[in-house]
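Student: Please take a close look at one part of this model and the parts around it. I would like a single connected account that keeps to the computed geometry.

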Amino acid sequence: MSFMGLMVLIVYESRWVYPEIQAYFSQTGSLTGQQLATRARGYVQSAQESLLVATSPLDIREANHALDLAYGLFDVSVYRQHYSCTVPSLALIEEMTGHLEQQQIEPIDAAHALFIVVDCLTRIEMHQLDRRGSVINDFSESTRRHNQVLTYSSLLIFVLGLAFWVMHERQLRQTEHATAEKLAWMARAMRDPLTGIGNRSALHQDVVSRDGESLGLILIDIDFFKQYNDALGHPQGDRLLRQLASMIEQALGLTAQLYRLGGDEFAALLPCPSNSV
């Protein structure tokens, strides 16, 4: 559960966009507030230059055209809402444009009057630059913090993954060891500990597993083994049983399987083809 939570956190952080800077760069379309103010101020100053050297109606028309462009860039909701000088400056541009078209004001006087608009746009431009710097600083700090979160989350996931891998390998080895021990125990359970040949359980299992086959069964009993064991002792009796088991196996050949049923009793299981019966 914690691993999935970390993955969700990383996906969220990788898709993160700082809302303030996103809003700042999208508030006026493709241009920022500072860029609009800068361009509008440039058009106003261009109009002033044309008015200061105006000698013909063509110069007046060029100045009015520049003022119209400045008005279009200046007349945005962001400026109207946040800067009190915007509305009076826009009204002044309209007034100067009308006076110039009707020749009700001298061009040089209109140029001087437009300094109020230039001053307003300059203040807006400087404020927007300050705001932009503040937003970028905040963005840089937030980016650093989010990068730290991503780094620590990635490191934690790596550590957890390594821990899971170690636990998996340990569990796998424990399972393999337990399986090997179980198989070894099962093998020992099917063997006579003294002679190393199969025991009664092994005989039963082999008969069941070969159901449907023609088999021959030989029962072997050692005469006077008890007297031999009592006379010479159990170690000698055990040695005799091991020797007899080896001799019987050699005599029966590779196709037969020898079992010790207990004490001095043995059994041999061998294939018996039906055509030989």
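Tutor: A residue is called exposed when its relative accessible area is over 50%, and buried when that value is under 20%. Phe 224 stands at 65% relative accessibility and therefore counts as exposed; this residue lies in the loop between strand S1 (215–221) and helix H10 (225–232), and, although not a glycine, Phe 224 has a positive phi of about 60 degrees. The coordinates come from a predicted model, and what follows should be read with that in mind.

The part to look at closely is helix H6, which runs over residues 86–101. Its 16 residues reach 23 Å from the first C-alpha to the last, close to the 22 Å expected at 1.5 Å a residue. The buried residues of H6 are Thr 86, Ser 89, Leu 90, Leu 92, Ile 93, Met 96, Thr 97 and Leu 100. Viewed down the axis of H6, these buried residues fall within an arc of 155 degrees, so they line one face of the helix. An α-helix has 3.6 residues a turn, so residues three or four places apart point the same way.

After H6 comes Gln 103, placed in the loop between H6 and H7. Its phi is near 55 degrees, a positive value in a residue other than glycine, and because its relative accessibility is 67%, Gln 103 counts as exposed.

Before H6, the chain carries a disulfide between Cys 85 and Cys 120, with the sulfur atoms 2.0 Å apart; the count of disulfides in the model comes to one. The torsion about its S-S bond is about 75 degrees, so this disulfide is right-handed. Cys 85 belongs to the loop between H5 and H6 and Cys 120 to helix H8, so the pair ties together parts that are 35 residues apart in sequence. Both Cys 85 and Cys 120 are buried.

The surroundings of H6 can be described through the largest nonpolar core, in which Val 44, Leu 51, Phe 74, Tyr 79, Leu 114, Val 117 and Ile 124, out of 32 residues, touch the most other members. H6 is one of the elements that give two or more residues to this core, together with helix H3 (33–52), helix H4 (57–74), helix H5 (77–82), helix H7 (107–113) and helix H8 (115–189). H4 gives the most, with eight residues. H4 has 18 residues and reaches 25 Å between its first and last C-alpha, close to the 26 Å expected at 1.5 Å a residue, and its buried residues include Ile 60, Leu 67, Tyr 71 and Phe 74. A link back to H6 is made by Leu 114, which, leaving aside its neighbours within four places in sequence, is in contact with Val 44, Gln 48, Leu 51, Leu 67 and Met 96. A second, separate core of 10 residues includes Ile 197, Phe 225, Leu 240 and Ala 245.

Turning to Ala 245, we find it among the contacts of Thr 195, which, with neighbours within four places in sequence left aside, touches Leu 241, Arg 242, Ala 245 and Arg 260. Thr 195 lies in the loop between H8 and helix H9 (200–209) and, because its relative accessibility is 18%, counts as buried. The side chains of Thr 195 and Asp 192 are joined by a polar contact of 2.7 Å.

Definitions and conventions. Residues numbered from 1 in each chain as written. Predicted model: local features only at pLDDT ≥ 70, side-chain atom pairs only at ≥ 80, totals over all residues. Heavy atoms only, no water. Helix = DSSP H or I, 4+ residues; strand = E, 2+ residues; numbered from the N terminus. Expected span 1.5 Å × (residues − 1). Buried < 20%, exposed > 50% of the residue type's maximum accessible area, 1.4 Å probe, protein only. Arc of directions from axis to C-beta. Core = buried A, V, L, I, M, F, W, Y, C linked by side-chain atoms within 4.5 Å. Contact = heavy atoms within 4.5 Å. Disulfide = S-S within 2.5 Å. Polar contact = N/O pair within 3.5 Å; in protein donor to acceptor, adjacent residues only side chain to side chain.
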